[in-house]
Amino acid sequence: MKAVFLDAKTLGDDVDLSPIESVTGALEKHDTTPAEAVLDRIRGFDTVLVNKVVLGREHFEACPELKTIAVVATGLNNIDQAAAKAHGIKVMNVTNYGRSTVAQHTMALMLALATRLLDYSRDVQAGRWGRSKMFCLMDHPIMELEGRTLGIVGYGDLGQGVAERAAAFGMKVMLGARPGQGAGTVDGYPRMPLDELLPRVDVLSLHCLLTDETRDLIGARELKMMKPDSLLINTSRGGLVNEQALADALRAGEIGGAGFDVLTAEPPRNGNPLLADDIPNLIITPHSAWASREARQRIVGITAANLASVT
């Protein structure tokens, strides 16, 4: 196997790549690869590893020796899968590596929003507590999660992990049917169409992939259906929520808060509607929910196992 990793830096400097190296025999590594250098760097290789580098038909046509693409992530948006199939190229990805870290981050966003953690912290830093006539501040309404209803859209490994942790907080869990899914019961949780779910939830958490069917799954119409104090969490994919509609809804008080770990364009070099500084009770983190060292090392191990299966 002759393999090249085009963007090894995306896994960080603190992971051990030796499991992949032991399978491939030799692994050429590049920290990052700009689009204009991709073709030159994959020529002569039968196996290419990528995280976010885009590979398309032009690459496959120019490199007939390419047989395997190993995506060291779950999302496959950066690979032209139809073109890969047409050229007989096997595309593999990594699943079930981030249950603990993504579910933990999801709950952290939920808790921070519900307790108005950042607002109260900023108040203390601004000296408002020191100037208070009472022993405490109570300027921001706090939501108790116990007894509240959590709606989960995308009940795979990550959604299941969030459901387990939410149950420990005493929350009632309900599932939303993605486009094409039917209603019913899954693991004892009711699953219903989104239009039925949205008015009932206090927190909505998204854990589905971005597809043509799920793009703008939550837009202005759906946000208006939610409770005015409800919270929206997205640790899955940018593009599932219409970002301008969400910014407008938060400013108008149509929902109570939102916590996002993903944006449509990452990094947001050209700005984003959700990065404005006048949006209340919004927390944005830099696509870091997946990035515990333990999870990143699991990615390496699963990728090595995937590659071993084709040798």
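A residue counts as buried here when its relative accessible area is under 20%. With that cut-off in hand, let us walk through this predicted model, starting with a helix where burial is easy to follow. In helix α11, the buried residues are Ala295, Arg296, Ile299, Val300, Thr303, Ala304 and Leu307. The helix itself covers residues 293-308, and its 16 residues reach 23 Å from the first C-alpha to the last, close to the 22 Å expected at 1.5 Å a residue. If you want to see what lies over those buried positions, look for α1 (18-24), β3 (47-50), β4 (68-71), β5 (90-92) and α5, which are included in the cover.

Now step back to the whole chain. The protein chain holds 11 helices and 13 strands, and buried residues make up 47% of its 311 residues. Its C-alpha atoms fill a box of roughly 70 × 50 × 35 Å along the principal axes. The radius of gyration is 22 Å, which agrees with the value near 19 Å for a compact globule of 311 residues. Contacts also reach far along the sequence: among those between residues at least 6 apart, 63% join residues at least 24 apart.

Two records help with orientation. An unreviewed UniProt entry lists "domain: D-isomer specific 2-hydroxyacid dehydrogenase catalytic" at residues 26-309. Over that range the chain is 32% helix and 17% strand, with the end C-alpha atoms 17 Å apart. UniProt, again in an unreviewed entry, places "domain: D-isomer specific 2-hydroxyacid dehydrogenase NAD-binding" at residues 107-289. There the chain is 27% helix and 19% strand, and the end C-alpha atoms are 11 Å apart.

A good next stop is helix α7, at residues 157-168. This helix has 12 residues and reaches 17 Å between its first and last C-alpha atoms, close to the 16 Å expected. Gly159, Gly161, Val162, Ala163 and Ala166 are its buried residues, and they pack against α5 (99-115), β6 (149-153), β7 (172-177) and β9 (189-193). After α7 comes Gly170, with a positive phi near 80°.

The contact between α5 and α7 can be followed from one side chain's position. Arg99 is in helix α5 and, leaving aside neighbours within four places in sequence, is in contact with Asp157, Leu158, Gln160, Gly161 and Glu164. Arg99 is classed as partly exposed because its relative accessible area is 21%. Asp7, by contrast, is 92 residues from Arg99 in sequence and 23 Å from it in space, C-alpha to C-alpha.

From α7, move on to the strands around β9. β7 and β9 run parallel and are joined by three bridges; Leu175 stands opposite Arg191 in β9. Strand β8 (residues 184-186) is joined to β9 by three bridges as well, but these two run antiparallel, and Thr185 has Pro190 in β9 as its bridge partner. β8 and β9 form a hairpin with two residues between them, and Asp187 in the turn has a positive phi of about 55°.

Which residues touch the most other members of the largest nonpolar core? Of its 30 residues, they are Leu204, Ile218, Leu223, Leu232 and Leu246. At least two residues of this core come from each of α8 (194-197), β10 (203-206), α10 (243-252) and β12 (257-260), and α10 gives the most, with five residues. Leu204 shows how such a position is surrounded: beyond four places in sequence, this residue touches Gly151, Val153, Leu197, Leu198, Ile218, Met226, Leu231, Leu232 and Ile233. In soluble globular proteins, nonpolar side chains tend to be buried together.

Finally, a few backbone details deserve a look. Most residues other than glycine have a negative phi, and most peptide bonds are trans. Asn96, which is not a glycine, has a positive phi of about 60°. Asn96 lies in the loop between β5 and α5, and with a relative accessible area of 56% it is exposed. Asp216, in the loop between β10 and α9 (220-225), also has a positive phi, about 55°, without being a glycine; its relative accessible area of 41% makes Asp216 partly exposed. The peptide bond from Glu266 to Pro267 is cis, with omega near -5°, and Pro267 lies in the loop between β12 and β13 (282-284).

Methods:
Residues numbered from 1 in each chain as written. Heavy atoms only, no water. UniProt positions renumbered as here; feature names shortened; annotations may be inferred. Helix = DSSP H or I, 4+ residues; strand = E, 2+ residues; numbered from the N terminus. Expected span 1.5 Å × (residues − 1). Buried < 20%, exposed > 50% of the residue type's maximum accessible area, 1.4 Å probe, protein only. Contact = heavy atoms within 4.5 Å. Core = buried A, V, L, I, M, F, W, Y, C linked by side-chain atoms within 4.5 Å. Pairing = 2+ DSSP bridges. Rg over C-alpha atoms; globule rule 2.2 N^0.38 Å.
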